[in-house]
Amino acid sequence: MDNNLREVNDDLMKEWFQFREESKFCYLTEEDKKHFIHFEKISKNILNSIPEKNRQYVKKQLNQLDKNFYDYIYYWCEKYYRNRFCDGMELISGAK
């Protein structure tokens, strides 16, 4: 198995991952919902607790935090699934 398949980049595996996200990951089970991050509610609570003059700045920072967190999770999920796929292919092919 070519080791560069383990690298996270734009390729067929990334397209598959995006397809899975759009088709399967959008259905949340009750257990999934227990672990959901309620970012909008948390942000609203934070924004309501600070002075009006600081809200735009804090809102901008919270949005950036949300984006950075999503990018971080997306990257590590893709890397995890990509490596599990490569491990499975190596097992099937008998590679060491």
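Which residues on the other side of α3 are exposed? Keep that in mind as we walk through this predicted model; the answer comes once we reach the helix.

**Stop 1: the whole chain**

Start by showing the protein chain as a cartoon. You will find four helices and zero strands, and following the sequence gives the pattern α-α-α-α. Now switch on the surface. The chain exposes about 8,200 Å², with carbon and sulfur atoms supplying 58% of that area. Buried residues make up 17% of the 96 residues. For contacts between residues at least 6 apart in sequence, 71% join residues at least 24 apart.

**Stop 2: helix α3**

Select residues 39–48, which form α3. Show the side chains of Phe39, Ser43 and Leu47: these are buried. Then turn the view until you look down the axis of α3. The buried residues fall within an arc of 65°, so they line one face of the helix.

Next, look at the other side of α3, where Lys41 and Lys44 are exposed. That settles the opening question.

What covers the buried residues of α3? The cover includes α4, so select that helix as well, at residues 55–93.

**Stop 3: the nonpolar core**

With both helices on screen, select Phe39, Leu47, Ile50, Val58 and Leu62. Together these five residues make up the largest nonpolar core. Helices α3 and α4 each supply at least two residues of this core. As a general point, nonpolar side chains in soluble globular proteins tend to be buried together.

Zoom in on Phe39. Leaving aside residues up to four places away in sequence, Phe39 touches Leu62 and Asp66. Leu62 is a core member too, while Phe39 is also one of the buried residues of α3.

**Stop 4: a nonpolar patch on the surface**

Bring the surface back and color Ile37, Ile42, Ile46, Phe69, Tyr72, Ile73, Tyr75 and Trp76. These residues make a nonpolar surface patch of about 740 Å². Which helix gives the most to the nonpolar patch? That is α4, with five residues. Both α3 and α4 supply at least two residues each.

Finish by clicking on Ile42, a patch member that lies in helix α3. Is Ile42 buried, exposed or partly exposed? Its relative accessibility is 45%, so Ile42 counts as partly exposed: the cut-offs are under 20% for buried and over 50% for exposed.

Terms used:
Residues are numbered from 1 along each chain as its sequence is written. This is a predicted model: local features need pLDDT of at least 70, side-chain atom pairs count only at pLDDT 80 or more; totals for chains, interfaces and linings use all residues. Side-chain values use heavy atoms; hydrogens and water are left out. A nonpolar core is a set of buried Ala, Val, Leu, Ile, Met, Phe, Trp, Tyr and Cys residues joined through side-chain atoms within 4.5 Å. Buried means under 20% relative accessible area, exposed over 50%, partly exposed in between (1.4 Å probe, protein chains only). Contact means heavy atoms within 4.5 Å. The arc is that of the directions from the helix axis to the C-beta atoms. Patches are made of residues with over 30% relative accessible area and no salt bridge: like charges are joined within 9 Å, nonpolar side chains (Val, Leu, Ile, Met, Phe, Trp, Tyr) within 5 Å. Accessible areas come from the Shrake-Rupley method with a 1.4 Å probe; for residues, only the protein chains shown count as cover. A salt bridge is a side-chain nitrogen of Lys or Arg within 4 Å of a carboxyl oxygen of Asp or Glu.
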